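Reader: I am new to this structure. Please take one part and walk me through it closely.

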Amino acid sequence: FVSSELIGLTNCELQAIHTPGYIQPHGVLLTLQEPDLIILQASQNTAEFLGIPAESLINHSLGQFLNQAQLNQLQEYIATGNIDIYNPLNLSIKTVDSHKEVECIIHRYEGVLILEMEQYLDKKNFSTISFYHLAKAAIMNIKNANDFQQMTELLAQEVRKITGYDRVMIYQFEPDESGIVIAENKREGLEPFLGLHYPATDIPEQARQLYYKNWLRLIVDVNYQPVPIIPKDNPVTNTPLNLSLSVLRSVSPIHIEYLQNMGVSASLCTSLITDRKLWGLIVCHHCSPRYVNYEIRKVCELLGQVMSLEIVNKQQQEFEKYSKKIKVIQEELKIILLAKNVNTQIFREKQNSLLELVNAQGAIICFGGNLTLVGKTPAREQSQGIINWLQHYSQKEVFHTNCLSQVYPAAKQIKESTSGLLAISIFVDDITYQIIWLRPEVIQTVNWGGNPNEPLIIKDDRKDDGIIHLSPRNSFELWKETVREKSLPWKQIEIDAAAELRNTLMFAILKFYQSALQQAA
Ligand code: BLA
């Protein structure tokens, strides 16, 4: 449906998105020399904002448009070495004929002082409730969540309430860097993306690295004309200006095209970071251009930061719940195995426990040629084929794969039940005892967004050039290609649970042998 050649995935990896040389046009950017705050670089739209062309600002002081009191205040803040905490500074700018109120955001990055100004666009759009109250109300609501899923849903709901975007999604990264929309709050009438998966390439590595450093980014209008910064190289560092922490950074054109193709006009995106890793994103979309001021953005950032901690807590709780469940099942199987003679029938009786132990959908149990199938498995003959193959392929005590067809091509025919395999084996006296758990192909198990009974209508995003263009819908299709014949990966806790059952089984077999020997004696 979409091939990587068409969209040039490698281009994505190579793009230096932190040094685009351009900003978005809803503000101006200046870089300043310290300590006298001489302007070194300026975005080319200063004439519209300040009434002074960029060329005339360079090598001059900020005094051209700020009064002495404002300059002194600025100097004072900068001297503290901790400028960020004073953001945003509300400044009154002298223009040719009047004054203009702007929000000014300053930061220092790699030794360069960067000053950005955003004009108050449409003031009435903004809530009069203070930063503190907005954040507090949202956090209180989210804290009421009973579990992890509800927490993510409330997070999406609260962010949408505060920002007013048409759609807010919580996007979680998987271990392979692909991602899923795990919660969504949207305006009625929009196509749902809830439950859909996307390939890792949709948010390439350098973007993820940047979002780890900078928690927030805003795109006011995807149809903007990027504004160049002149001169391109910073005269102090002689390198292109690094906009990693800038609020006006111009966005990668590939991503802009992605948003355009999905009918999105504006976005706001906040990072969720846990254990020093980008865990996910809060992605807000609007169908028309949308600006939210610095304060509202900061509320979102704070929510992202607080919720990042809460995610760790809630996930730890879920993990503990799951560990407890596994322990109970282990105990149950242990008692039965040690009380009876070891035979495959035991597992037919206890099939739910056996499958739940490692979160599998089917299992093949084979003790000395005696075959039992439980749950979703291939037919007997094919199951026997897997047993025969595995005995030759791996003598490991515990063997697992989430893509069996890679090592056992015959598995292609049975991918609906058998894309992933986790096996324990015991070899005693020429007799082999094996339990093999099976998982279906991921595509068969994903939770579909929207109504699963309604057929999905996939919009063909082919344009005049015949190329299929980027959008979540067709990149979901691309993701499906990347997970063909694969199951969900086996988690370490599941592999450990299998290994522990192997120990129990081993113990039961030895006990059986011992009593057989005693009887013979
Ligand atoms: C950035 N891609 C992003 C971002 C998201 C997505 C959320 C963060 C930037 C933002 O919106 O502010 C992806 N958006 C999604 C997904 C959904 C969504 C999956 O709404 C699902 C509903 N993008 C591609 C491909 C490439 C690519 C194939 O799809 C590369 C060839 C690149 N995406 C790309 C780049 C960025 C990006 C370069 C960084 C943009 C920037 O910050 O400059």
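Author: Start with a weak stretch. Over residues 448-462 the pLDDT (the predictor's confidence in each residue, from 0 to 100) stays under 50. The model has 16 contacts for this stretch beyond four places in sequence; two residues are in contact if their C-beta atoms, placed from the backbone, lie within 7 Å. Where pLDDT is low, the predicted coordinates should not be read in detail.

This is a predicted model: local features need pLDDT of at least 70, side-chain atom pairs count only at pLDDT 80 or more, and totals for chains, interfaces and linings use all residues. Residues are numbered from 1 along each chain as its sequence is written. The protein averages a pLDDT of 88, and 90% of the residues score at least 70.

Now the sheet. Five strands form an open sheet with antiparallel pairing, in the order E15-E14-E18-E17-E16. Helices (H or I, at least four residues) and strands (E, at least two) are DSSP runs, numbered from the N terminus. Two strands pair if DSSP finds at least two bridges between them. E15 (370-375) and E16 (398-401) stand at the edges with a single partner strand each, so one side of each is left without a neighbour in the sheet. The twist averages 10° from one strand to the next. Axes are lines fitted to C-alpha atoms, for helices over the stretch in contact; angles run from 0 to 180 degrees between N-to-C directions.

E16 pairs with E17 (residues 420-428) over four bridges. Phe-399 stands opposite Ala-423 in E17. Helix H12 (residues 351-358) packs on the sheet and touches E14, E15, E17 and E18. Helix H17 (residues 492-520) also packs on the sheet, touching E16, E17 and E18. The direction of H17 makes about 25° with that of E17.
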